[in-house]
Amino acid sequence: MLLKSEGDVSVAGDVESALREISLATPDLILLDLVMPGRSGLDLLAELGERSVRSPVIVLTATNTVNAAVEAMKRGAADFVTKPFELDALRIKVRDRLEKRELLEEVERLRDEVEDRQHFAGMVGRSDAMRSIFRTVERIAKVQATILVTGESGTGKELVARAIHDHSPRAEGPFVAVNCGAIPRDLIESELFGHERGAFTGATGRRTGRFEAANGGTLFLDEIGELDGAVQVKLLRALQERTFERVGSSESISVDVRIVTATNRDLVQEIANGNFREDLYYRVAVVPIALPPLRERREDVRLLAQTFVSRMGPDKKLTPAAIGSLEGYTWPGNVRELENAIEYGLALCEGDTIDRSDLPISIGRSGQAEALREQWRQGERSFEETVTRFETDILRESLESHHWNQTQTASALGLTRRVLKLKMDKLDIEAPDPSSAEPGSE
Ligand SMILES: Nc1ncnc2c1ncn2[C@@H]1O[C@H](COP(=O)(O)OP(=O)(O)OP(=O)(O)O)[C@@H](O)[C@H]1O
Ligand SMILES: [Mg+2]
């Protein structure tokens, strides 16, 4: 009666019925009297231990059996209350325990998330590299440091920049992205810093720049490696002093922006080549984040592919062969190319599965070995069949790259021509156009 206001309460009169209740629904808390008809509360504690029931137990005990309470604590009880007890005192203990339990659950949930997190702010990945990037992003988002995100095209640099903004104290402020490579060089300065009316031909009105637009938020300078020397100097000053002037004005403006930059160029190399200022580099690369190319984190391919499928075609599924192909491909266009390949596959596939043949040709082919291996893993192909298919694949590929010249192919594979011919017969490999195949070429 006392605890009805705290949640659902079930009552059991002995150990057996208590165990029955517990097996139906694990309670958040157990209040346990030690003296019951039949088996004792200590027996129940032992049973709970055996069944790995982890509900906290508060033992109720008469003052003269404090020793039993101590024994109960030794056996895993969380706390005890001596009878007769104050109703409020019991209520407080119960609330206390429930709160603590919630906290512990929260801690456990957070720990799970951190240790096994496969997504963060719209990014997915399970490779060590990506998981460590998730951790870095989460931590540095909270501080003001200027960040340089590097990585090949399509690796997710812009996604990282947005994640940093979204997890920063500035999340409510603006996120302003400037693609430095896409703006003509004579306009970039006014784009960034704004201009006064008449500052240059065509400047018909005053314009506020992106620095001002990003006030209170984040300014994302994409393709920063494309900036020319003069603008690099202006940017350096803006970053160092946090003030700048609009083009055609001498009035200093100061803004509160957090800068995130990105490039797919090797800026260190660009410095060596004299194309990028070293002092600016050290300004922007306070915290560098390097996104590895997708081919160096193949563990992410399947997860990414499945994520894209569930976003774009939620009732479709990738066949194991398709997954094998995707995992075997080298992804020069990185995650963007993978995203496009899934879109392509979804457009082409019939029924509710995307197979290897639905993927762009270069992907379907280059992943053949992986595809086979995956089918073998899934028990879709026997060992014999897998090896035969693999052999066929390699022979075919090699023959193709030697324009079906058997002598050259054999020598490339370290076989005699006779053995190659035998294998071709056995595996049923024929030149597509018989006239192109040998024999005159010998
Ligand atoms: N880890 C990831 N999880 C989910 N989607 C991703 C991930 N990485 C990239 N993407 C997606 O791939 C595409 C390319 O990402 P993004 O535009 O951030 O790449 P980028 O490095 O800025 O490329 P570029 O250098 O060509 O500008 C986007 O659609 C993005 O959402
Ligand atoms: Mg980009």
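**Entry 1: around ligand 1**

I looked up the surroundings of ligand 1 and found 16 residues, of which Ser153, Gly156, Lys157, Glu158 and Val335 come nearest. A residue counts as near a molecule or strand if its C-beta atom, placed from the backbone, lies within 6 Å of it. The elements that give two or more residues to this shell are strand 5 (123-124), helix 6 (157-166) and helix 14 (334-348). Helices (H or I, at least four residues) and strands (E, at least two) are DSSP runs, numbered from the N terminus.

I noted that this is a predicted model, in which local features need pLDDT of at least 70 and side-chain atom pairs count only at pLDDT 80 or more, while totals for chains, interfaces and linings use all residues. Residues are numbered from 1 along each chain as its sequence is written, and chains are lettered from A and ligands numbered from 1 in the order in which they are written.

I sorted the shell by class and got five nonpolar, seven polar and four charged residues. Here Ala, Val, Leu, Ile, Met, Phe, Trp, Tyr, Cys and Pro count as nonpolar, Asp, Glu, Lys and Arg as charged, and the others, Gly among them, as polar.

**Entry 2: domains**

Which domains does the protein have? I read domain 1 (4-112), domain 2 (123-290) and domain 3 (296-436); the bounds come from an automatic or database domain assignment. The contact between domain 2 and domain 3 takes 11 residues from each, where contact means C-beta atoms, placed from the backbone, within 7 Å. On the domain 2 side I listed three nonpolar, six polar and two charged residues. The C-alpha centres of these two domains lie 41 Å apart. Both domains also give at least three residues each to the shell around ligand 1.

**Entry 3: a sheet**

I then traced an open sheet of three strands, with parallel pairing and the order 1-2-3. Two strands pair if DSSP finds at least two bridges between them. Strand 1 (30-33) and strand 3 (79-83) are the edges, each pairing on one side only. The twist from one strand to the next averages 25 degrees. Strand 1 is joined to strand 2 (residues 57-62) by four bridges, and aspartate 33 stands opposite leucine 60. Helix 3 (residues 66-74) lies across strand 2 and strand 3, at about 165 degrees to strand 2. Axes are lines fitted to C-alpha atoms, for helices over the stretch in contact, and angles run from 0 to 180 degrees between N-to-C directions.

Technical notes:
Two residues are in contact if their C-beta atoms, placed from the backbone, lie within 7 Å.
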